[in-house]
Amino acid sequence: MSATSRFAISVIALGLAGPGAVFAACMGPGAPANTQTKCLTAIEIPGTPLRSYDISWVNPDRAEYYLGDRSNAGIDVIDTRKLTFKRTIPGFVGVVFRKDANGNPVAVDNNHSGPDGVTSHGRWLYAGDGDSTLKVIDLDAPNASAIKQTIKTGGSTRVDEMALTTDGGLLLAANNAEDPPFATLFSANGDEPVSNTMFLSKITIADAIVPAGFGLSMEQPAWDPKTKRFYVSVPIIANNPAGCNYGQVPDADITCDGGLLVVDPTTVTSGSDVLGAFDPATNTGVVPLHACGPNGATVGVHDNILLGCTPANNPSDVTTLVINAKTKNFANIGNITGSDEVWFNKGDRRYYTASNRNCKVAGQPCPSGKQQAAVLGVIDGTSVLIETVPQSSGSHSVAADSERNLIFVPESAPALAAPPEIKALAGDNTTVGAGICGGSNGCIGVYIHQVDRDRDLHDRDRDDR
């Protein structure tokens, strides 16, 4: 039996196809025939074409995918079992533009647009907005009453990426665009039927590590249930290495690498906490990284954390890094870089990277222009790059359904020249997204990786089940 036949049979067995079903999408460079990760179909989002969006999340127990869709000023919800659009939950600021002296929009103001980061546990979805608020959403409620709480974080810019503890009881959310940046620890809803999310503490990093006044940042956090810590990507830290430029030398390339902030929520409850250099005795503080300015973070097998390093933070950082949460030993993965959101899929034990600034020239600095392209990176549990799959320009979000081994990647609608606000939205300047989507409105591209379940379970360590 051919690989194509086996793939078609598996699609039907998963209930993703039926009599008369037609998968007209998945054409062109974004649907290569020679990859293990196959383009399955595309799901169009109704409304304004998808050109501005941020982070995504999957709740496999609810069989739902969520996307912070700024183009449509809401959270898109997709059924990951039927692969159909369900609804967009409104109530967010949407796209905000930076404007020139004449009042014409010149670019999306990411720092004030929303929604941005999203995460969920049970019926509760948490989403950051561009007005520095956290919105708490009841997924069992209709759109008109879905937002149960809107909580101010005290900043003036967006609440961005976030992470929950395993039981859904604590939430850490980053205000990445504040100067200095900060994270907020909340008491979250867990499995409670009524929303009662509350502020616990504002967390900043010592000025000697993340100096104020230079636009430095905090990015994606991840929760590790074994060490019971949050691990937060910090794109750039001072003096890493000594004498590097973190912005104090104007009009020069950044040469400082980033760090990994380790937060113990049981000791961060004073209302305002400042964390400094890493303390191995408490397993807290900022761990300096080598050859990595990270945006994304996700916890995989054996307590390893994959970090989405990107030359957007430090032009010389052109690898991806995996670091162990316990030992802090690390390894760099070559030939993949430029990631924003990253995701570990427990179903196939693979990492997926939304690498919108991947280097076409491996191992060389790629600060701008033609040396960069967007790909979906696929890395196995032993930290080996398996393959890359081309994506639309700016594709920086990825999430996977571990129950169905489906990978969801938002695809940007094609870029348009006019009117000015459309031009400012950028969009896809290749043919990749339209080929995946089968149209010009953008979409959620759905990829599938087939797994031999018996072999997969046999290969798993008892510690990872």
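In this predicted model, strands S9 and S10 (residues 133-138) pair in the antiparallel sense through 5 bridges. Within this pairing, Ala127 stands opposite Lys135 in S10. The hairpin that the two strands form has 4 residues between them, and Ser132 takes a positive phi near 65° there.

Strand S9 also has a partner in S8 (residues 118-121), to which 4 bridges join it in an antiparallel arrangement. Here Thr119 has Tyr126 of S9 as its bridge partner. The hairpin of S8 and S9 has 2 residues between the strands, and Gly122 adopts a positive phi near 60°.

The surroundings of S9 (residues 124-128) may be considered next. In a regular strand, side chains alternate between the two faces of the sheet. Both faces of S9 are covered, with Trp124, Tyr126 and Gly128 buried on one side and Leu125 and Ala127 buried on the other. Because 5 of the 5 residues of S9 are buried, the strand is largely enclosed by the rest of the structure.

Elsewhere, the chain is cross-linked by 4 disulfides. One of them joins Cys26 to Cys39, with an S to S distance of 2.2 Å. This pair links distant parts of the chain, 13 residues apart: Cys26 lies in the loop between helix H1 (3-13) and strand S1 (38-43), and Cys39 lies in strand S1. Cys26 is buried at a relative accessible area of 14%, and Cys39 is buried at 11%.

Another disulfide connects Cys292 and Cys309. Its torsion about the S-S bond is about -95°, so the link is left-handed. Both Cys292 and Cys309 are buried.

Key:
Residues numbered from 1 in each chain as written. Predicted model: local features only at pLDDT ≥ 70, side-chain atom pairs only at ≥ 80, totals over all residues. Heavy atoms only, no water. Buried < 20%, exposed > 50% of the residue type's maximum accessible area, 1.4 Å probe, protein only. Pairing = 2+ DSSP bridges. Disulfide = S-S within 2.5 Å.
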